[in-house]
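Colleague: Please take one part of this model and look at it closely. I would like the cut-offs as you go, and a little context from the rest.

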Amino acid sequence: MRPRRKAPSLPMRIATGAVWVVVAADIALVGWILLTSLRDGSDILRHPFGVPVHPKGANYGKVFADGGFGRAAVNSVIVAVLSSVLAVVIAAPCAYALARRRNRVSGAMSMTFAMGLGVPGQVMVIPLFIGLAHADLDDSQPGLILAYLGLAMPFTVYLLTGFFSGIPAVLEEAAVLDGASMVRTFTKVILPVARGGLITAFLLQFISAWNETLFAIVLTHSQDKVTLPVALSSFVNEAQLNGLDWGAMFAGVCVVLAPMIALFSWLGTRIIQGMTVGIGK
Amino acid sequence: MSTATFQDPSRTRRVRGGSAARGPVGAAPLERSRRRMFWAFTAPAVIVYAVLFLLPVGYAAWTSLYKWDGISDKQWKGLGNYKTLWQDPIFRTSLGNTLQTLVVGGLITFVISFALMLVLREMNRRLFARSVLFFPCLVNAMVFGIAAGVLFSPDGPVNQALKWLGWSRPPQWLATEHLQTMILGTLVWTATGYYTAILMAAVDQIPDYLYEAAELDGANAFQRFRHVTLPMCWDVISVCAVLWTVSSVKIFELILMYGGSSGSQPPTGSWNTALYVYEEAFPQASTPQLGLATAAALVSLFLVILFTVVLRRIMRRDPVEY
């Protein structure tokens, strides 16, 4: 902490006040979404700022029963967890090898992975749709998991390479002198030390898979295969035909939003660090 | 950095000044086994990346040269799809919106993020404030699109609050012609927290003695900012610019669901290239045009490449050592 130099100037105090207003507005917005999901639909438009007088879970009952959100939530968890675990398991050894062996081949390989960071998803979505249909994996969870796995590679390899480079090499040298094989050194010495980085990589991948919408909409459509963002978008589209029920719609929104709030309040610092610290390198 | 495991033995040899050109006995098999290990470690990721990422990109480039509905045979069109795109007013609007988001949205986001970073650094409880501002970028943008539909509806909270403040004729927020601006605003709001956090992490690494030295030399607050803060986090700013380019080009769900009441497909005036790709490839009523759609996707990829190269060029500076 830097020692305080002097009392803050007036412009600084105004700016600080403005920042707190924005912070308060952010919290109010999320709170308003959560509260509104407990209110009656017609009531919301009349008194948008109202508090749920008789908080009712009926909205949630509705989205889980009519909107298929229960099944979609399970699907989202399965797809997000499996694709992130696979991504970390596959990317970690590669990132380790790239971090430790610095020559022309590994340099070119790192470069190729990094270039993937610049490719927007819409380029791959049509080819993957066609390819997965050929492999009979369209409209299926394995298909979506494979798509997410491919999308995850550039960032996960990039993140973990940076992370492994930061682990001192002395550790492995000792293990090798003790006669441990390379695979053994990696699994018994490096992985335990790198646990923090692996968890971060998993978390970030989980978050992006949880929120991913374009590939989910294109690659899944059956009621029992869709993930939450798809269920939410089709619920909203149907609601337009049958008259809008804002209460139920906000309940649907909360099913997507709430896990992120929970995850962020639990592991916020780790998530922010994972998404910011490696950037400048 | 070198280690005993993946180390390149040629380097060791050079360091030892070994005159033996072929290295000590036993080095060759060892080097071979290390190389084998390197490939064993990297192979799964490389294969997954090649099959599920690079191959689709190549296939997209190839498909963009054909006319194809996904069912019947492909017809060679050469660069015809790109020409069709250029003549399509909807695509021009989409491209215009994408560019507006990229350039205008990017500038606004950076100015606000920078200002926020400077203020947050001097604040008490800044980590809490940073967390709250950061959070929106972890949420599916659909959530905010739908919430905006209620917040800005004609009798919605925003208008009621404005009426209470004495503004009785607020604009029609969600009218088609304002949609792109509203989407841009929402986007800037969700993204600033993220870039603020990146900039904070970068500025936190600037050593204190630089500021102290500048202060001793009589630099005022603005000069300290101009000659210490800005050059020291220049690299991070240039990385952020590239990050913004990529992420702004692939925005999709925010536009798809903005307002939550736009019918089965959002009005074309608010489309960007990602949405254009989706609507052309998977239309509700007409035949899919996969060739045209992949061509549009390729245009967005070219856009990213172009901006990345140009940004890297403009923002390149001699690295600052500290």
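Modeller: The focus here is helix α4 of chain B, followed by its surroundings and then the other chain.

This is a predicted model, so some limits apply: local features need pLDDT of at least 70, side-chain atom pairs count only at pLDDT 80 or more, and totals for chains, interfaces and linings use all residues. Residues are numbered from 1 along each chain as written, chains are lettered from A and ligands numbered from 1 in written order, and side-chain values use heavy atoms without hydrogens or water.

Start with the helix itself. Helix α4 of chain B covers residues 89-121 (a helix is a DSSP run of H or I, at least four residues; a strand is a run of E, at least two; both are numbered from the N terminus). Its 33 residues should span 48 Å at 1.5 Å a residue (1.5 Å times one less than the residue count). The end C-alpha atoms lie 46 Å apart, which agrees. There is a bend of about 30° at G105(B) (the angle between axes fitted to the seven residues ending there and the seven starting there).

Now the start of the helix. There a side-chain oxygen of D88(B) comes within 2.9 Å of the backbone nitrogen of I90(B) (a polar contact is an N or O pair within 3.5 Å, within protein one able to donate a hydrogen and the other to accept it; sequence neighbours count only through side-chain atoms).

At residue 121, R121(B) pairs with D204(B) in a salt bridge, 3.5 Å from N to O (a Lys or Arg side-chain nitrogen within 4 Å of an Asp or Glu carboxyl oxygen). D204(B) belongs to α8 of chain B, residues 176-204, so the pair ties together parts 83 residues apart in sequence. R121(B) is buried at 12% relative accessibility (buried is under 20%, exposed over 50%, partly exposed in between, with a 1.4 Å probe and protein chains only). D204(B), at 43%, is partly exposed.

α4(B) also lines a cavity. Two cavities of 30 Å³ or more turn up in the whole structure (on a 1 Å grid over protein atoms alone, points where a 1.4 Å probe fits but cannot get out; lining residues have an atom within 4 Å of a point). The largest cavity holds about 60 Å³. Its lining includes N97(B), T98(B), T101(B), Q180(B), I183(B) and N272(B). α4 and α8 of chain B each give two or more residues to that lining. The largest share, three residues, comes from α4(B).

N272(B), one of the lining residues, also caps the N-terminal end of α13(B), with a side-chain oxygen 3.2 Å from the backbone nitrogen of A274(B). All nine residues of α13(B), 273-281, are buried, so the rest of the structure largely encloses this helix. Among them are T273(B), Y276(B) and E279(B).

For context, three salt bridges occur over all chains. In chain A, E172(A) meets R100(A) at 2.9 Å, N to O. E172(A) sits in α8 and R100(A) in α4 of that chain, so this pair joins parts 72 residues apart in sequence. E172(A) is buried at 0%, and R100(A) is buried at 2%. D224(A) and K225(A) form another bridge, at 3.6 Å. D224(A) is partly exposed at 37%, as is K225(A) at 24%.

Chain A has 13 helices and zero strands. Of its 281 residues, 51% are buried. Its C-alpha trace spans about 75 × 70 × 30 Å along the principal axes.

Terms used:
1 Å grid on protein atoms, 1.4 Å probe; cavity = no way out; pocket = protein on both sides within 12 Å on 5 of 7 lines; lining within 4 Å. Points joined across faces, edges and corners; volume = space filled by probe spheres on them.
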